[in-house]
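Got your viewer open? Here is a short walk through the model, one selection at a time.

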Number of protein chains: 2
Amino acid sequence: MGPGPITVDPRVLRAMSTQLVGQYDPAMTALMTEVMALYREVFRTANEQTFLVDGTSRAGIEAALVSLLEPGDRVLVPVFGRFGLLLTEIAERCGAEVHTVEVPWGEVFTPEQVEEAVASVRPTVVAVVQGDTSTTMCQPLADLGEVCRRHDALLYCDATASLGGNPFETDAWGVDVVTAGLQKCLAGPSGSAPVTLSPRAVDVVQGRRHVEAGLRTDGDEGRGRRIASNYFDLAMVMDYWGPRRLNHHTEATTMLYGAHECARILLEEGLDEAHARHARHGRAVLAGVQALGLAVFGDVAHKMTNVVAVWVPDGVDGEAVRASMLTDFGIEIGTSFGPLAGRVWRIGTMGYNARTDAVLTTLAALEQVLRRAGTSPRPGAGVDAALEVYG
Amino acid sequence: MGPGPITVDPRVLRAMSTQLVGQYDPAMTALMTEVMALYREVFRTANEQTFLVDGTSRAGIEAALVSLLEPGDRVLVPVFGRFGLLLTEIAERCGAEVHTVEVPWGEVFTPEQVEEAVASVRPTVVAVVQGDTSTTMCQPLADLGEVCRRHDALLYCDATASLGGNPFETDAWGVDVVTAGLQKCLAGPSGSAPVTLSPRAVDVVQGRRHVEAGLRTDGDEGRGRRIASNYFDLAMVMDYWGPRRLNHHTEATTMLYGAHECARILLEEGLDEAHARHARHGRAVLAGVQALGLAVFGDVAHKMTNVVAVWVPDGVDGEAVRASMLTDFGIEIGTSFGPLAGRVWRIGTMGYNARTDAVLTTLAALEQVLRRAGTSPRPGAGVDAALEVYG
């Protein structure tokens, strides 16, 4: 019940125990094509270029940024938590000129704040996290695509922590590149990063296309400045996923099976239904922890549905509580990073863990552990409050 | 029965269907530590820094090179196939000054050829593939560590295609950095890259250590030139796998389970026994295809144990034969890349596929398909020849 990675849906584990087929077996290439179609629905996009990067969600971020950015390009990162800082880190290593605008951890940006910064920085790319798990905040994005188009910037978004549990509208919001991971609301394991690129983002990446030595044929001369990574060169990755099937990495078939099943489960439920489920269980946990006397961190109105952070009460050893939850009750809850490390607990209700029994069990156990840690929660308060939300 | 990815050992698939635990759960960190110990045995090394990179074998290569190389560093790559070219590609994208020495595809280098080039180029790093699947050749490495030490260069080796099926002696041969994948002789799926670094390689990488923003504490000021990738920054990956457990990516738990089981299976059999098994089945296939009238590509004395390439006979449509093998018999065999694309078939006996029944079935099916393609193999010739090898 932490902020992710979370318990994997058993269907995904079963799918991942399927025997492999060769990477150019028609069954394999058909499955890759099916995965592209499934993730178009997950991202709510018509983008042809929707596929997986073979690595964790962080690999997806780096693939997007290193393929979009050339050394010297200006990037604007609105930072509202640790994962915004991660975007600055990665963009800096791409050689970009990184500008940030910040709000205190626990808050989000207004569109006006972002537009003002865009107008002043005039970036090539605006890179923003949707849900920053370090603070639990969910940045509203609906207006940012329009802002970026007006200022001729591409909009990149890291939706790892939020996708599947909070609305995300790639096309309606005008987001050019989105990357994610499986280990949060998609109910899968870490290790595969779904990505999608708009046609205008594809144009930028294709403007730097260089087929690698050993595969190059006549007419394949590269153009533009070569992308600084081979593994994360999305022009080559697109050639591998596209009809040319030009060899790049060897697709991580087991992770592909997992990503395929994650999307199927989510789409069978329905995106709107999945968002509503995450919202419902998120409200139940929120009500429960408040009833147990815990103070919520950050702007609750802008919290992600799927995770809540609460302050560790004065005089309580936060790490001892987490250890007792794990050791005595088999339930993992998280802390956070940087200024919040050891000062908050984060409780997630993501993917397969966004279930009534998981929520009630967690609140029941937390009540016991809090009491033994010296606080005085009203007996049954957390479970009662959650059940009231469930109605 | 292609050159990889291959059929996964069912034990690995079962291990990969295990439910996840949190990334800082003591059960998880203990498993990571166990994986480090297992791969020390697989690599035959005492290197403390032995762990997994979360991506395909190509990710392991890039992590090694981008962490070792600074822009402007000189690299020497002895190229004897496509995967040597891949090393040049990746090193170039790291900004290195890349020098190559080449032998024709189908041959390997003598230590003298390599030393001569090292003496003339004076590289920081010599990067070489052990087994280049594109040509099936296996570069002898026993003398190269000594050559590199004499000339003050680090020796990096990509052992993806060969490890587990051919002897590899990290410490005895003085190889500083080795990377691999699971999808060949290790009998697992693509998606996790075991790596090992010698203390002197660790020193180079640690000389460029920069903890990322959001995790940095006082005293964590970086040193040296920041590594150009965040995801592949092995200094940070070592902090994550080491006792500090400093968060980097979210470990791909299911792939970790797979890598763990691959190593256990291999070490239960014994490395020497696994090499002997690969050699035996490789000899059986070799004898079989020759008895079927096919001409072997390249220097057979320097072939990897686990894959053989044969010329497509004149007048035979190589791709139609591969399609018939797959469609009619459910057996995949490969072709190759670049100058060999469509001109050779590659048959692998790797990992779980290095089995008598797999070899005999493949030879029996190939005889049928070759006959229908218009050649005249002696009935039973391939199977007879293989059985003679098995004795």
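How many salt bridges does the rule find across the interface of chain A and chain B? Colour by chain and look along the seam: the count is 10. Keep in mind as you go that this is a predicted model.

**Stop 1: the seam between the chains**

Select the residues where the two chains touch. You should pick up 61 residues of chain A in contact with 61 residues of chain B. Together the chains bury about 4,800 Å², and carbon and sulfur atoms give 55% of that. Now show A:R58, A:R93 and A:Y231 as sticks: these three supply 15% of the area that chain A buries against chain B, more than any other three residues.

Stay with A:R58 and bring up B:E212 across the seam. Their side chains meet in a salt bridge, 2.8 Å from N to O. Turn on polar contacts as well, and the interface of chain A and chain B has 34 residue pairs, both partners at pLDDT 80 or more.

Next, switch to cartoon and highlight four helices of chain A: α1 (10–16), α3 (57–68), α4 (82–93) and α9 (253–269). Each supplies at least two residues of the side that touches chain B. Pause on α4(A), which gives the most to that side, with seven residues. If you colour the whole chain A side by residue class, you get 25 nonpolar, 22 polar and 14 charged.

**Stop 2: down the axis**

Try superposing the copies. Chain A can be laid on chain B with an RMSD of 0.0 Å by a turn of 180° and a shift of 0.0 Å along the axis. The two copies are therefore related as by a two-fold rotation axis. To find that axis on screen, centre on A:G55: within chain A, its C-alpha is the nearest to the axis, 2.4 Å from it.

Which surface does each copy use? 100% of the interface residues of chain A are also interface residues in chain B, so the copies meet through the same surface.

**Stop 3: inside chain A**

Hide chain B and colour chain A by its domain assignment: domain 1 is 10–267 and domain 2 is 271–390. Their centres, taken over C-alpha atoms, are 30 Å apart. Where they touch, 30 residues of domain 1 are in contact with 24 residues of domain 2. The area buried between these two domains of chain A is about 2,200 Å², with carbon and sulfur atoms giving 67%. On the domain 1 side, click on A:R44, A:W105 and A:T136: they lose the most area to domain 2, together 25% of what that side buries.

Only one salt bridge is counted between the two domains of chain A. Look at A:R44 and A:D272, which form a salt bridge with their closest N and O atoms 3.0 Å apart. Polar contacts add up to 11 residue pairs across this interface, again with both at pLDDT 80 or more.

**Last stop: A:R44 again**

Keep A:R44 centred and add A:E169. These side chains also meet in a salt bridge, 3.0 Å from N to O. Trace the backbone between them: A:R44 is in the loop between α2 and β1 (49–53), while A:E169 is in the loop between β7 (154–158) and β8 (177–179), 125 residues apart. Zoom out to finish: over all chains, the structure holds 44 salt bridges.

Technical notes. Residues numbered from 1 in each chain as written. Chains lettered and ligands numbered in written order. Predicted model: local features only at pLDDT ≥ 70, side-chain atom pairs only at ≥ 80, totals over all residues. Heavy atoms only, no water. Contact = heavy atoms within 4.5 Å. Buried area = accessible area lost by both parts, 1.4 Å probe. Salt bridge = Lys/Arg side-chain N within 4 Å of Asp/Glu carboxyl O. Polar contact = N/O pair within 3.5 Å; in protein donor to acceptor, adjacent residues only side chain to side chain. Nonpolar A, V, L, I, M, F, W, Y, C, P; charged D, E, K, R; others polar. Least-squares fit on C-alpha atoms with pLDDT ≥ 70 in both. Domains from an automatic or database assignment.
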